[in-house]
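Dear colleague,

Please find below the structure that I promised to pass on to you. My notes on what was found in it follow directly after.

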Amino acid sequence: MNADDLPTLRGELEAHGLWANKGLGQHFLLDLNITRRIAKTAGDIVGKPVIEIGPGPGGLTRALLEAGADPLIVIEKDPRFAPLLEPLIEWSEGKLQIVQGDALNVEEATLLASPTLAGEVASEASGRGACASVVSNLPYNVGTPLLVKWLKAGAWRGDMTLMFQKEVAQRIVAKPGSDAYGRLAVLAQARCHCRLEFTVPARAFTPPPKIASAIVRLTDLADPYPHLDALERVTGAAFGQRRKMLRAALRSLTPDAEDLLRAADITPTARAEEIDQAGFRRLADAWIVKTSKDAF
Ligand code: SAM
């Protein structure tokens with residue numbers, strides 16, 4: 001299967017009179033060299049289930065099919081791209097499945113268990129350990145909520161290779177003590193190794209966005225922190241007022257902020273950006289103990 005045999009993406013967009021809708025974060029990658037590089041960054045996907053959000057005209061979709069994704073499930077909100085994507089079903093010998101809808105509302109586990117997919121994927125996704133990689137040039141406006149959704153996802157979710165605005169990518173991989181370090185870094189790194197792989201200049205997209213983008217690869221930790229909801233609560237409060245000492249910042253969470261910090265073995269005068277992953281895990285654990293005691 002060679003994507004060079006297909007009509008060009010630019011030609012397809014023109015032939016169907018399609019243009020980018022900025023409200024849906026549409027900035028297309030029409031250069032197969034770049035989409036092939038993204039597919040390669042996703043590792044060996046031959047014969048493995050892959051989910052792509054927002055295929056648009058299908059540049060990354062072509063590269064993922066060429067790289068052997070099977071099945072490749074694409075979820076696209078904008079129905080205008082159906083005539084460009086549907087011919088890829090036959091080209092891929094049925095490996096492509098197109099879902100029209102909002103990725104924020106889609107239940108990936110249900111999709112993967114669908115009887116329309118290969119039987120082995122369905123049974124593996126329902127609990128025997130196989131999982132789908134997520135590979136996407138994400139729409140900017142929903143990239144962060146989608147990432148948080150997938151961080152919380154169950155056993156269906158495998159590694160993720162995702163394009164974000166560069167600044168968001170830097171926030172995902174940030175370490176304590178840096179300006180970029182915040183809630184997103186703590187949540188992502190509680191579940192995954194996070195690596196910024198490469199940046200893509202704005203001029204590589206059609207139309208070009210205002211700023212560059214970057215690919216981040218996220219692979220599950222051997223000991224992922226389980227309580228992401230609690231971690232979201234404590235990091236939301238801590239970084240909500242990041243310049244304040246934690247004993248003040250956490251008052252939005254509880255009037256007993258100092259007790260909570262002491263229970264987590266954190267100096268009450270510290271600021272959020274000084275607290276590492278282990279510190280935030282202790283804080284979330286202490287918050288869970290506190291809220292369960294308060295419930296009685
Ligand atoms: N993958 C294509 C590429 O690389 O050229 C397009 C990427 S473009 C940055 C983002 C795509 O996500 C668009 O096709 C857009 O219509 C789609 N999209 C936006 N919001 C979405 C949502 N909530 N659910 C699914 N797709 C969405």
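In what follows, a residue is counted as lying around the ligand if one of its heavy atoms is within 4 Å of the ligand. Please bear in mind that this is a predicted model.

The ligand site

By that criterion, 21 residues surround the ligand, and those that come nearest are Gln-26, Leu-29, Gly-54, Glu-76 and Asn-137. Two of these residues approach oxygen atoms of the ligand. Gln-26 does so through its side chain, a polar atom of which lies 2.8 Å from a ligand oxygen. Leu-29 instead uses its backbone, where a polar atom is 2.8 Å from an oxygen atom of the ligand. A nitrogen atom of the ligand is also engaged, with a polar side-chain atom of Glu-52 at 3.5 Å. On its own the ligand has 590 Å² of accessible area, and the protein covers 99% of this.

Packing of two helices

Helix α8, which spans residues 143–151, packs against helix α10, residues 183–191, at an angle of about 30 degrees. The axes of α8 and α10 are 10 Å apart, and the crossing is left-handed. On the α8 side the contact is formed by Thr-144, Leu-147, Val-148 and Leu-151, while α10 contributes Leu-184, Leu-187, Ala-188 and Arg-191. By character, the residues of this contact comprise 6 nonpolar, 1 polar and 1 charged.

Backbone geometry in the loops

Most peptide bonds are trans, and most residues other than glycine have a negative phi. Three places in this model deserve mention against that background.

- The peptide bond from Asp-70 to Pro-71 is cis, with omega near -5 degrees; Pro-71 sits in the loop that runs between α3 (59–66) and β3 (72–76).
- A cis peptide bond also leads from Thr-206 to Pro-207, with omega near -15 degrees. Pro-207 belongs to the loop between β8 (205–206) and β9 (213–220).
- Glu-93, although not a glycine, has a positive phi of about 55 degrees. The loop that holds Glu-93 lies between α5 (87–91) and β4 (96–100).

With kind regards

How values were computed: Residues are numbered from 1 along each chain as its sequence is written. This is a predicted model: local features need pLDDT of at least 70, side-chain atom pairs count only at pLDDT 80 or more; totals for chains, interfaces and linings use all residues. Side-chain values use heavy atoms; hydrogens and water are left out. Axes are lines fitted to C-alpha atoms, for helices over the stretch in contact, and angles run from 0 to 180 degrees between N-to-C directions. Helices (H or I, at least four residues) and strands (E, at least two) are DSSP runs, numbered from the N terminus. A crossing is left-handed if the near helix is turned anticlockwise from the far one by less than a right angle, and right-handed if clockwise. Contact means heavy atoms within 4.5 Å. Ala, Val, Leu, Ile, Met, Phe, Trp, Tyr, Cys and Pro count as nonpolar, Asp, Glu, Lys and Arg as charged, and the others, Gly among them, as polar. A polar contact is a pair of N or O atoms within 3.5 Å; within protein, one must be able to donate a hydrogen and the other to accept it, and residues adjacent in sequence count only if both atoms are side-chain atoms. Accessible areas come from the Shrake-Rupley method with a 1.4 Å probe; for residues, only the protein chains shown count as cover.
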